[in-house]
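User: Please go through this structure with me, and explain the reasoning behind each label that you attach to it.

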Amino acid sequence: IFLVVLVLGFFLFSTQVPKTPIYEAPLPVEVVRLYFTAWDEQRYADMYSTLSDDFKKREPDANNLSAFRSSVKQQRVTDVKILSLQELSNDGMISHVAYDVQLTPTPTDHLRGTFELSNNQADIIRGWKITRPYGEK
């Protein structure tokens, strides 16, 4: 009887303990989608979070959130509409995502290009990050 009570107690206890969800980093296309969606909604911290730590160190306009926010606001974009996103390549470490977005106040202006993303395990927040947010250079 003691063994049965012990087993039942263990079973009940193990089912009562909440499980910690495992964080799964978004896929490259979803990171790019977040970048443009956050831009559209003026959520600059979310937009900034998609950039690699290495890029933030190299780019003066992105070395902190305040500088990044100012830089983005200077562009005076009020609406960002995603027309298409397509992952062109992904080897598990580097991905290239093509984008086509429409920007307002000039809706005839399309921003087209390719973002390079890397699967950064050394960043503060690990996962896919945009390493070249200004497109190919």
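The exchange below takes up confidence, fold, aromatic pairs, the nonpolar core and two threonines.

User: What should I know about the model and its numbering, and where is confidence lowest and highest?

Analyst: This is a predicted model, in which local features need pLDDT of at least 70 and side-chain atom pairs count only at pLDDT 80 or more, whereas totals for chains, interfaces and linings use all residues. Residues are numbered from 1 along each chain as its sequence is written, and side-chain values use heavy atoms, with hydrogens and water left out. On the pLDDT scale (the predictor's confidence in each residue, from 0 to 100), the protein averages 85, and 79% of the residues score at least 70. Confidence is lowest in helix H1 (residues 2–16), at a mean of 61, and highest in helix H2 (residues 28–40), at 96.

User: What pattern do the helices and strands follow along the sequence?

Analyst: Helices (H or I, at least four residues) and strands (E, at least two) are DSSP runs, numbered from the N terminus. The protein has five helices and four strands, and they follow the pattern α-α-α-α-α-β-β-β-β.

User: How many aromatic pairs are there, and why is the pair of Tyr35 and Phe115 called edge-to-face?

Analyst: The whole structure holds eight aromatic pairs. Rings of Phe, Tyr and Trp (its six-membered ring) pair if their centres lie within 6.5 Å, and planes under 30 degrees apart count as stacked, over 60 as edge-to-face and the rest as tilted. The ring centres of Tyr35 and Phe115 are 5.3 Å apart and their planes stand at 85 degrees, so this pair is edge-to-face. It links distant parts of the chain, since Tyr35 lies in helix H2 and Phe115 in strand S3 (residues 110–120), 80 residues apart.

User: Why is the pair of Tyr99 and Phe115 called tilted?

Analyst: The ring centres of Tyr99 and Phe115 are 4.5 Å apart with their planes at 45 degrees, so the pair is tilted. Tyr99 lies in strand S2 (residues 94–104) and Phe115 in strand S3, so the pair ties together parts that are 16 residues apart in sequence. Ring pairs link Tyr35, Phe36, Trp39, Tyr99 and Phe115 into a cluster.

User: What makes a nonpolar core, and which residues touch the most other members of the largest one?

Analyst: A nonpolar core is a set of buried Ala, Val, Leu, Ile, Met, Phe, Trp, Tyr and Cys residues joined through side-chain atoms within 4.5 Å. The largest has 26 residues, of which Tyr35, Phe36, Trp39, Met47, Leu51, Phe115 and Leu117 touch the most other members. Helix H2 gives the largest share of this core, seven residues.

User: Why is Thr131 called buried, and why is Thr37 called partly exposed?

Analyst: Buried means under 20% relative accessible area, exposed over 50%, and partly exposed in between (1.4 Å probe, protein chains only). Thr131, in the segment after S4, has a relative accessible area of 12%, so it is buried. Thr37, which is found in helix H2, has a relative accessible area of 27%, and is therefore partly exposed.

User: Which residues do Thr131 and Thr37 touch?

Analyst: Contact means heavy atoms within 4.5 Å. Not counting residues up to four places away in sequence, Thr131 touches Ser52, Phe55, Arg58, Glu116, Leu117 and Ser118, while Thr37, under that exclusion of residues up to four places away in sequence, touches Arg43 and Ile82.
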